[in-house]
Each structure stands twice: as structure tokens, then as C-alpha cells.
Amino acid sequence: PTVNQTVIQLAPMFLLLGGLLVFKERFTARQWAGFALLLMGLLLFFNRRLSELRDLSGGLGLGVLLLIIAAIIWAAYGLVQKQLLRHLNSQQILWLIYLGAIVILLPAASPGAVRDLNALQAWMLAFCCLNTLIAYGAFAEALEHLEVSRVSAVLALAPVFTMGSVWIAGRFAPGLLEPEGLNIASVAGALLVVGGSALCALGGSGVPALPQPPNGPVTLGSRD
């Protein structure tokens, strides 16, 4: 989980870069410094597993490559949703996204497999469903009221919460997750990734206000 949430910090970075192109924001010296910290943090995080990253046939290397592709696609989704908020509200956009997902994924799904889950797995599935709905609902609302850069900065905290959650799970339910085996350098690298991503997101000059949509103005957050 920590590998996933650390590498996926490239997504807010790609979202910010896309915001620079679409919303004409400038990349400042502080943002370049944040970008450098993020790259250094990734190298530190994988300090014991750099050799595995070169193998794209499976395992860690392929997983990280897929995460990078996912980060690019996620950033494109964020930018598209930001544009759609000119014409639709966040609830309408999420409804269309989930409706489209049902149509695309249902032919390959096996709903009957849910009956084979034990009680713990069923509760975990229910939590994931609610978490996705609540998290992306909050994300959509944030894009409607805040600049892309500020949203990206908050998302940068994900690895910290993930490391904390994995530590709590390992302490109170040691058989639930496999130990991740992070050393001090890996933890320091994850923190650098968080700091670099946040610095890059908050070090800009702000995103221009969006044009007024049909149902009223979009209120962007202040820079205070």
C-alpha cells in the first residue's frame, strides 16, 4: 500500500503540470525545488529495491510502470472534471462516471463471487464502496471551490496516512497485511515525496478563475 500511495504522488504532479498548460499558471523556482525533492524522495524510498525497478516483466518494476500510467490518466481525469464543472455540478459528473463504469465493467464482472466472501471481507468491500463514493465526491467538490494546486497539495498527504494505517494494522492485526519492510531511508523518502509534492503544489502563483457556469459562479479559494 505504501509503494502505491508514494508512487501515485506523481498524479498530483501531473495534475499540476496539466493545470499549468490548461490554466496558464507559471512554474516557479519553489515548484522546481519541490519537483526535485519529489524525485529524490522516490529514489530514497526505493533505495533497497532500485534493481527491481529495471525488470518490467513482472513484480515491482511492472507495478510501478502501471502506477505511472495510472497517474497520467488520473491527472487527465482531474483536468477534464475541472473543465466539466463549468457546465455540470459535481454530483452530475460523478453519476455519469459511475454509470459509465457500470456499463463498461459489468460484462467482465462476476457479482456472484460476493457470496464467497467472509464477514471481514464483506465489510472491507462495503467500506471500499463507501470510501470511493465519499472520497471522489469530496474531490469533485474541492475542484469546484479550490485551485488545482491547493487540491494537489492536500492529496500529497496520502502516503503519510497510508504508512500510519499500515503501522496500525500491523500492530493490532499482524496477520492482516504483509510487512512492507521499510527502512529509515524509505520512510524519509516517503516524507520527502510528500514535502516535495506539497511544495510544488503551493509554490505557484495560483490558477485563474474559471468562466462563470450557467448555474452561477465557481468560487475559488483565497491565497491567504
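Mentor: A helix axis here is a line fitted to C-alpha atoms, over the stretch in contact, and the angle between two axes runs from 0 to 180 degrees between their N-to-C directions. The model we apply this to is a predicted one.

Trainee: At what angle do helix 6 and helix 7 pack, and how far apart are their axes?

Mentor: Helix 6, residues 90-105, packs against helix 7 at about 135 degrees. Their axes are 9 Å apart.

Trainee: What makes helix 6 oblique to helix 7?

Mentor: Roughly perpendicular covers 65 to 115 degrees, and roughly antiparallel begins over 145. The angle of about 135 degrees fits neither, and therefore helix 6 is oblique to helix 7. Their crossing is right-handed.

Trainee: Which residues make the contact between helix 6 and helix 7?

Mentor: Helix 6 supplies Ser90, Gln91, Leu94 and Tyr98. From helix 7 come Thr132, Leu133, Tyr136, Gly137, Ala140, Glu141 and Glu144.

Trainee: Why are helix 5 and helix 7 called oblique to each other?

Mentor: Start with the angle. The axes of helix 5 (residues 59-84) and helix 7 (residues 119-145) cross at roughly 55 degrees and come within 10 Å. Roughly parallel needs an angle under 35 degrees, and roughly perpendicular needs 65 to 115. Roughly 55 degrees satisfies neither, so the two helices count as oblique. Helix 5 passes helix 7 in a right-handed crossing. The contact uses Trp74, Tyr77, Gly78, Gln81 and Lys82 on helix 5, and Tyr136, Phe139, Ala140 and Leu143 on helix 7.

Trainee: How do you know that the length of helix 5 agrees with its number of residues?

Mentor: Set the expected span against the model. At 1.5 Å a residue, the 26 residues of helix 5 should span 38 Å, and the end C-alpha atoms lie 37 Å apart, which agrees. Helix 6 passes the same kind of check: its 16 residues should span 22 Å, and its ends are 22 Å apart.

Trainee: Which residues of helix 6 are buried?

Mentor: Ser90, Ile93 and Leu94 are the buried residues of helix 6. They cover an arc of only 95 degrees around the axis, which puts them on the same side of helix 6. The face turned away from that side carries the exposed residues Gln91, Trp95, Ile102 and Val103. Helix 5 and helix 7 are among the elements that cover the buried residues of helix 6.

Trainee: What puts the buried residues of helix 3 on the same side?

Mentor: The buried residues of helix 3 are Gln31, Gly34, Leu38, Gly41, Leu42 and Phe45. Around the axis they cover an arc of only 100 degrees, and therefore they share a side of helix 3. A general rule helps here: an α-helix has 3.6 residues a turn, so residues three or four places apart point the same way. Ala29, Trp32 and Leu43 are exposed, on the face of helix 3 turned away from its buried side.

Trainee: Why is Ser186 called buried?

Mentor: The cut-off for buried is under 20% relative accessible area. Ser186 has 4%, so Ser186 is buried. Ser186 lies in helix 10, residues 184-202. Leaving aside neighbours within four places in sequence, Ser186 is in contact with Leu44, Phe45 and Asn47.

Trainee: Does Thr6 count as buried or exposed?

Mentor: Thr6 has 0% relative accessibility and therefore counts as buried. Thr6 lies in helix 1, residues 2-7. Beyond its neighbours within four places in sequence, Thr6 is in contact with Leu42, Phe45, Pro159, Ala190 and Val193.

Trainee: Why does Leu17 count as partly exposed?

Mentor: Buried ends at 20% and exposed requires over 50%. Leu17 has 33%, so partly exposed is the term. Leu17 belongs to helix 2, residues 10-23. Leu17 and Ala75 are 58 residues apart in sequence, yet their C-alpha atoms are 9.0 Å apart in space.

Trainee: Where is Glu147 found, and what makes Glu147 buried or exposed?

Mentor: Glu147 is found in the loop between helix 7 and helix 8. With a relative accessible area of 3%, Glu147 is buried. Its C-alpha atom is separated by 9.6 Å from that of Lys82, 65 residues apart along the chain.

Trainee: How many helices and strands does the protein chain have?

Mentor: The protein chain has 10 helices and 0 strands. Of its 224 residues, 33% count as buried.

Key: Residues are numbered from 1 along each chain as its sequence is written. This is a predicted model: local features need pLDDT of at least 70, side-chain atom pairs count only at pLDDT 80 or more; totals for chains, interfaces and linings use all residues. Side-chain values use heavy atoms; hydrogens and water are left out. Buried means under 20% relative accessible area, exposed over 50%, partly exposed in between (1.4 Å probe, protein chains only). Helices (H or I, at least four residues) and strands (E, at least two) are DSSP runs, numbered from the N terminus. The arc is that of the directions from the helix axis to the C-beta atoms. A crossing is left-handed if the near helix is turned anticlockwise from the far one by less than a right angle, and right-handed if clockwise. Contact means heavy atoms within 4.5 Å. The expected span of a helix is 1.5 Å times one less than its number of residues.
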